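Reader: Before I rely on any of the labels attached to this model, I would like to see how each of them follows from a value and a cut-off. Could we go through them one at a time?

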Amino acid sequence: SPPGAAVAVAVTGSSGVAAATGLYRYLRDFCGCHLSWSGAQLRLPDPLPRLRAEIRASAPGRYRYYQNACTQSYSYAWWDWARWEREIDWMALSGINLAPAFAGQEAAWQRVYRSLGLNQSEIDGYFTGPAFLAWNRMGNLHGWAGPLPPAWHLKQLYLQYRIVERMRSLGMITVLPAFAGHVPQGVLRVFPHVNATRLGGWSHFDCTYSCTYLLDPEDPMFQVIGTLFLKELIKEFGTDHIYSADTFNEMTPLFSDPAYLSRVSNAVFRSMTGADPEALWLMQGWLFQHQPDFWQPAQVRALLHGVPLGRMIVLDLFAESKPVYQWTESFYGQPFIWCMLHNFGGNHGLFGTVEAINHGPFAARRFPNSTMVGTGLVPEGIEQNDMVYELMNELGWRQEPLDLPSWVTRYAERRYGAPNAAAASAWRLLLRSVYNCTGVCVNHNRSPLVRRPSLHMDTELWYNASDVYEAWRLLLSAGAELGSSPTFRYDLVDVTRQAAQQLVSNYYLSIRQAFQSHALPELLTAGGVLVYDLLPELDSLLSSHRLFLLGRWLESARAVATSDQEAEQYELNARNQVTLWGPSGNILDYANKQLGGLVLDYYGVRWSLFVSALVESLNSGSPFHQDQFNQAVFQVERGFVYNKKRYPAVPAGDTLEISRKLFLKYYP
């Protein structure tokens with residue numbers, strides 16, 4: 001306000017986060033503003049609306065949590081301070097008050113390992129490269145795509161200082177990492193009598209890069225190492241007394257004996273209290289639903305009860321689809337946070353379970369003897385499906401479910417800065433279809449577009465494809481009115497991309513049918529349209545928006561480097577993560593993205609090879625062998641990781657024009 005002018009509204013809160021949440025509520029509900037990963041719409045009315053009466057709000061739970069252990073690698077790997085600052089401000093405005101601060105921990109670990117007597121080559125052989133650190137920290141991987149250069153440690157320490165300072169200044173509780181029991185092999189050289197056991201390989205990795213060593217909880221070194229590390233961290237960054245550790249993330253414990261499992265969790269907890277008597281342990285509850293055959297009630301209870309009741313908080317990580325609290329009597333008395341996982345691998349693809357998240361948290365609070373203490377957002381990757389996260393953040397402050405169709409109508413108006421009937425209709429269609437997966441829904445993009453081609457690909461959808469095509473038509477028709485809105489342009493790319501993804505599945509089915517019917521002309525037609533028109537058109541659409549550029553991901557990796565050699569290493573990390581995910585396609589396409597450059601030079605080349613192989617098979621009369629194709633296509637995939645081609649980080653082309661062109665050609 002100008003000096004002397006009456007203030008339209010005063011916002012106060014019990015913390016910086018509460019005040020920021022109140023500010024965003026005023027901007028959202030009274031000024032029609034919107035803030036998200038893909039852009040902001042902050043056109044304020046003049047004069048600012050006055051409130052007739054005081055509005056008070058309090059969250060029904062103590063915590064609103066945000067971040068997944070994997071997000072650190074899938075999304076934040078290459079962030080600078082400017083990007084972190086923007087995220088932390090978004091967190092405060094969204095009401096988030098509990099979040100990890102995991103940057104820089106490898107520098108602290110390096111100091112601890114050196115003080116124990118490990119040499120630098122043993123440490124270098126343990127840490128993974130930057131794009132894979134999440135799985136190094138959870139004991140899944142070692143060495144892959146490493147080592148970490150000294151400059152990496154310095155830059156991450158600098159970031160961590162600023163992250164914790166900013167979060168705490170806003171009243172957020174920072175969660176620091178703690179020791180989960182995994183150690184480098186060098187520890188066994190320095191302490192030959194230490195009792196450590198090698199765990200099995202993780203996912204599709206063998207012991208070259210997996211099979212970590214786990215210290216026995218009874219071994220005195222467990223407490224020495226755990227307490228040393230935490231003291232080092234606390235000395236460096238201070239503490240808010242909450243610590244994260246995951247000992248058995250996607251890894252089967254050595255013994256199922258409940259007494260053993262209690263000893264493990266008790267050892268982890270004691271190594272925390274050895275450094276901070278007030279320690280609270282925050283644990284991801286993913287393991288219980290990921291390996292339910294192992295984690296029977298007796299095993300779950302034993303692990304949870306190795307820690308005094310109330311000194312552990314469990315993240316019910318996938319509560320919207322596979323809640324664990326229901327079959328564990330509310331985690332046998334330990335407090336838990338009801339979390340929406342929503343996204344795997346940072347994949348693109350419209351997806352949501354809106355009915356589940358609109359009712360789930362309220363049902364969990366009403367559960368007999370519920371120990372729920374808050375709600376959480378725990379996607380593996382961010383910068384996708386803004387609507388779902390805005391909805392979940394709002395639900396964290398509500399006492400009862402929302403009327404979703406009217407909520408999404410207001411959402412569209414705020415997001416684009418103007419009411420538009422066609423855009424609102426498009427969003428209501430998306431809400432009831434692609435955003436309303438029911439039952440056990442796993443948002444892992446399995447579309448043929450982003451998977452290695454074969455004759456047995458999954459084309460199933462949980463929604464009616466025609467709803468997305470109609471939403472596409474409606475959004476395009478709103479282009480004349482809303483085309484200048486950056487958030488509208490983002491959504492137009494995203495919905496057109498979803499329609500194109502559906503079209504790829506249709507062409508794939510035509511290709512497969514033609515091949516199986518020995519119909520060469522039909523195979524050439526469908527394959528030709530897919531490879532030479534649809535995929536290049538999709539690539540040019542994605543290349544028209546900054547947030548859908550492969551170059552943005554690769555250049556952000558190079559920007560962290562302090563030398564050409566580091567830049568090469570970081571770029572290889574970035575390329576490998578979104579494609580092969582490991583040296584030999586170990587978790588192939590798990591972290592698939594739909595990005596301009598990637599569609600043409602990676603997915604497109606694979607599809608071209610596949611169509612050629614099928615044509616060759618029909619021409620020669622010899623059967624198509626998937627194994628032979630896999631060997632050939634692996635060379636293409638690996639070639640992409642190492643091709644050194646630089647991709648633009650600046651968009652090109654007009655999004656509306658390209659979407660319209662695709663629509664005129666392909667709208668069913």
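Reader: How many nonpolar, polar and charged residues does the lining of the second largest cavity have, by class?

Author: Bearing in mind that this is a predicted model, the lining of the second largest cavity divides into 6 nonpolar, 3 polar and 4 charged residues. That cavity holds about 150 Å³ of space, and of the 13 residues lining it, those closest to its centre are Tyr24, Arg28, Leu93, Ser94 and Asn393. Arg28 counts as charged, because Asp, Glu, Lys and Arg make up that class. At least two lining residues come from each of α1 (16–29), α3 (81–93) and α15 (386–395).

Reader: What makes a space count as a cavity, and how many cavities of 30 Å³ or more does a search of the whole structure find?

Author: A space is called a cavity where a 1.4 Å probe fits but cannot get out, and the search of the whole structure finds 8 of them at 30 Å³ or more. The largest has a volume of about 280 Å³. Its lining is made up of 22 residues, with Gln105, Trp109, Arg137, Met138 and Ala178 closest to the centre. Two elements, α4 (105–116) and α6 (133–137), give two or more residues to this lining, and the largest share, 4 residues, belongs to α4. By class the lining has 13 nonpolar, 6 polar and 3 charged residues.

Reader: Why is Tyr332 called buried, whereas Glu383 is called partly exposed?

Author: The relative accessible area of Tyr332 is 8%, and buried means under 20%, so Tyr332 is buried. Glu383 has 22% relative accessibility; since partly exposed covers what lies between under 20% and over 50%, Glu383 therefore counts as partly exposed.

Reader: What makes the phi values of Tyr332 and Glu383 worth noting?

Author: Most residues other than glycine have a negative phi. Tyr332, in helix α13 (residues 329–332), has instead a positive phi of about 50° although it is not a glycine. Glu383, placed in the loop between β13 (372–377) and α15, likewise has a positive phi, near 60°.

Reader: How do you know which peptide bonds are to be called cis, and where do Pro47 and Pro147 lie?

Author: The bond joining Asp46 and Pro47 is cis, with omega about 0°, and Pro47 sits in the loop between β2 (39–41) and β3 (63–66). A cis bond also joins Gly146 and Pro147, where omega is about -5°, and Pro147 belongs to the loop between α6 and α7 (150–169). Most peptide bonds are trans.

Reader: Why is the set of 234 residues called a nonpolar core, and which residues have the most contacts inside it?

Author: The name applies because such a core is a set of buried nonpolar residues joined through side-chain atoms within 4.5 Å; the largest one here has 234 residues, and Trp78, Trp135, Phe288, Trp338, Met387 and Trp581 have the most contacts inside it. Helix α20 (residues 486–516) provides the largest share, 13 residues. Leaving aside neighbours within four places in sequence, Phe288 is in contact with Met283, Trp295, Val300, Leu303, Leu304, Val324, Trp327 and Phe331.

Notes. Residues numbered from 1 in each chain as written. Predicted model: local features only at pLDDT ≥ 70, side-chain atom pairs only at ≥ 80, totals over all residues. Heavy atoms only, no water. Buried < 20%, exposed > 50% of the residue type's maximum accessible area, 1.4 Å probe, protein only. Contact = heavy atoms within 4.5 Å. 1 Å grid on protein atoms, 1.4 Å probe; cavity = no way out; pocket = protein on both sides within 12 Å on 5 of 7 lines; lining within 4 Å. Points joined across faces, edges and corners; volume = space filled by probe spheres on them.
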